[in-house]
Amino acid sequence: MWRGAAVAAALCLGAAWLLGRGFEPRGRLLSAAELRRHRGAEGEPGLYLALLGRVFDVRSGRKHYGPGGAYEGLAGRDASRALATGDFSPAGLVDDVSALTPAEMAALRGWMDFYSARYAFVGKLVGRFYDENGAPTEALRQAEAAMEEGLRLKAESDRRKEQFPPCNSEWSSAKGSRFWCSRQSGGVNRDWIGVPRKLYRPGSRGTQCVCVRTTGPPWGQLDSTEHSDRGDLDNPHLEEYDGCHPLAEQCVLNV
């Protein structure tokens, strides 16, 4: 009995290792017509959806994907574009992701991870992303490369946001614009408040209000013991707001 359990455990570990290396079970090969028969309606054999050609059994999420559910439009088809963009119109409920932005492709990767962890893998949809033998197509390779690029750019954006969190802001016709910083502004929790500055990003038009550290070493030199104790105030891409004290935590720009 113990030997059987050990063998089973080893097989599970081996399968997990293969999945982690980018492999997946072959599963079934489904045509688009066969997938359409799995929309969870009475008399149909199941409730499936596909994402980048990978088919998942979503019966445990029937309240979401079954008839009458908020996401019933995803059932029985590959609607990768809809998940990436939030467009659940007929134009969005398609599998063509070739024109999506890097941010949308990064979001699509998140959905792929979600379905892979939550629902059982059934097989592959023959069509745009897998050929009749179940082999990946060039479209799938391009989509996977675009997802990786999207994740890389998102990581860079998150790092920039940690350095320069966006300001809080409000505007009224009577009072004009107000920008201010807090320990949570921009959705970035931190142990400093900072002061508002205009940030110019190379290659971008216009400016963005960001919160800037006023003490300690500059970003990228946080372990340095030799610095001017001005944080990132001397960053060349920053500019002060006219009429605002350089160390004020808020700026009011009257109309």
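In this predicted model, Cys-167 is buried, with a relative accessible area of 12%. Its bonding partner is Cys-209, and the two sulfur atoms lie 2.1 Å apart. Cys-209 is buried as well, at a relative accessible area of 11%. The torsion about the S-S bond of this pair is about -80°, so the disulfide is left-handed. Cys-167 sits in the loop between H6 and strand S5 (168-172), whereas Cys-209 belongs to strand S8 (residues 208-212). The pair therefore ties together parts that are 42 residues apart in sequence.

Strand S8 also holds Cys-211, which forms a disulfide with Cys-181 of the loop between strand S6 (176-180) and strand S7 (195-199). This link thus joins parts that are 30 residues apart in sequence. The sulfur atoms of Cys-181 and Cys-211 are 2.2 Å apart. The torsion about their S-S bond is -105°, and the link is left-handed. Cys-211 is buried, with a relative accessible area of 0%. Cys-181 also counts as buried, at 7% relative accessibility.

A further disulfide connects Cys-244 and Cys-251, with a sulfur separation of 1.9 Å. It is left-handed, with -75° about the S-S bond. Cys-244 is buried at a relative accessible area of 13%. For Cys-251, also buried, the value is 1%. The count of disulfides comes to three. With the bonded cysteines of the chain numbered in sequence order, the pairing reads 1-3, 2-4, 5-6.

The largest nonpolar core contains 26 residues. Within this core, Leu-52, Leu-74 and Tyr-115 touch the most other members. Strand S2 (48-51) supplies at least two of the core residues. Helix H4 (80-85), helix H5 (102-118) and helix H6 (138-163) each do likewise. The largest share, four residues, comes from H5. A second, separate core has nine residues. Among them are Phe-179 and Trp-192. This second core also includes Cys-209 and Cys-211, the two S8 cysteines described above.

The surroundings of Leu-52 were examined beyond its neighbours within four places in sequence. Leu-52 is in contact there with Val-97, Leu-108, Met-112, Leu-140, Ala-143 and Met-147. Phe-129 and Tyr-130 contact Leu-52 too. Asp-78 and Ser-80 complete the list of its contacts.

Conventions. Residues are numbered from 1 along each chain as its sequence is written. This is a predicted model: local features need pLDDT of at least 70, side-chain atom pairs count only at pLDDT 80 or more; totals for chains, interfaces and linings use all residues. Side-chain values use heavy atoms; hydrogens and water are left out. A nonpolar core is a set of buried Ala, Val, Leu, Ile, Met, Phe, Trp, Tyr and Cys residues joined through side-chain atoms within 4.5 Å. Buried means under 20% relative accessible area, exposed over 50%, partly exposed in between (1.4 Å probe, protein chains only). Contact means heavy atoms within 4.5 Å. A disulfide is a pair of cysteine sulfur atoms within 2.5 Å.
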